[in-house]
Amino acid sequence: MNVTATNPTVTAMNGSTPAASPVAGNGSTSTPAKESKARQNDRRPVIVNITQGSDTALFTPSPAKFEKLDGEYAATITDVSFTELPPSEPKPSKKHGRKAKGAKGKAAAKAKGAKSGAKLVLLKFTLDHKRADGMTYTVEKEVRAQQDRESRFGEFMKKVLTDEASFNQFFSDYRLSPLLNRRCSLKLKEARCKGQSSIKILDVLPAPVLAPEFTYVGTTGSTGVGRINDSVEVHAVAA
């Protein structure tokens, strides 16, 4: 026997018996008819009344297509904060678990103590690069802090605190304030999907060293201000 159901909320199988209709006053709060009516109400069109001076737009404006960040960009550390994670609970080993059946007290005594919580240092980098509309980019990087300067955290700090005096001072008192306003370069890769942008920091590099700026007078008698590379020869004359 084949049964065809017209109510989309009810699925009829081949050979099944339709459910009996609910009896009035039996305390049922929802019926297939009510659910079908509710769905029809959800499909009704939404009417918006437009008044004088209303700023309601038909479609939201599509975001401007700015060039993706890909490469090395100069940046400044504009914010530093850290989060201390709760201490981790010790995990009983398999050996302790077998002994726990007959000697629970001894197993608990041999268990190691809880480790102190790790600290996560959050650095916010503001890029010198600006979009066409003048907006600046700010990206974040989370670093797991450790005391050993030979660890991965120490290698990261060497790229930010390039001078040896600042590097040694940091690992003597671990104060985070010297990181503020530090200059560096970031190797970035930007990806976009459905209007959302995600910027990944691939590497942190030392800040580039710029050539000094000075005023020079050329042989033509014109004066200008700018950077001169070592490979460029300048023939200056007395003013």
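Biologist: Hello! Is Y174 buried, partly exposed or exposed, and at what relative accessibility?

Modeller: Happy to help; keep in mind that this is a predicted model. Buried would need under 20% relative accessible area and exposed over 50%. Y174 falls in between, so the residue counts as partly exposed, with a relative accessibility of 35%.

Biologist: Where is Y174 found?

Modeller: Two elements frame this residue: α5 covers 164–173, and β4 covers 183–193. Y174 has a positive phi near 55° although the residue is not a glycine. Its place is the loop between α5 and β4.

Biologist: Nice. Which value does phi of N181 take?

Modeller: N181 also lies in the loop between α5 and β4. N181 is a residue other than glycine, yet its phi is positive, near 65°.

Biologist: And is N181 buried or exposed?

Modeller: The cut-off for exposed is over 50% relative accessible area. N181 has 62%, so the label is exposed.

Biologist: Stepping back, which pattern does the protein follow along the sequence?

Modeller: Good one! The protein has 5 helices and 7 strands. Read along the sequence, these elements give α-β-α-α-β-β-α-α-β-β-β-β.

Biologist: What percentage of the residues counts as buried?

Modeller: Let's begin with the surface: its accessible area is about 19100 Å², with 52% belonging to carbon and sulfur atoms. Of the 239 residues of the protein, the buried share is 18%.

Biologist: Last one: what share of the contacts with a separation of 6 or more comes from residues 24 or more positions apart?

Modeller: A contact here takes heavy atoms within 4.5 Å. Among contacts in the protein with a separation of 6 or more, residues 24 or more positions apart account for 51%.

Definitions and conventions
Residues are numbered from 1 along each chain as its sequence is written. This is a predicted model: local features need pLDDT of at least 70, side-chain atom pairs count only at pLDDT 80 or more; totals for chains, interfaces and linings use all residues. Side-chain values use heavy atoms; hydrogens and water are left out. Helices (H or I, at least four residues) and strands (E, at least two) are DSSP runs, numbered from the N terminus. Buried means under 20% relative accessible area, exposed over 50%, partly exposed in between (1.4 Å probe, protein chains only). Accessible areas come from the Shrake-Rupley method with a 1.4 Å probe; for residues, only the protein chains shown count as cover.
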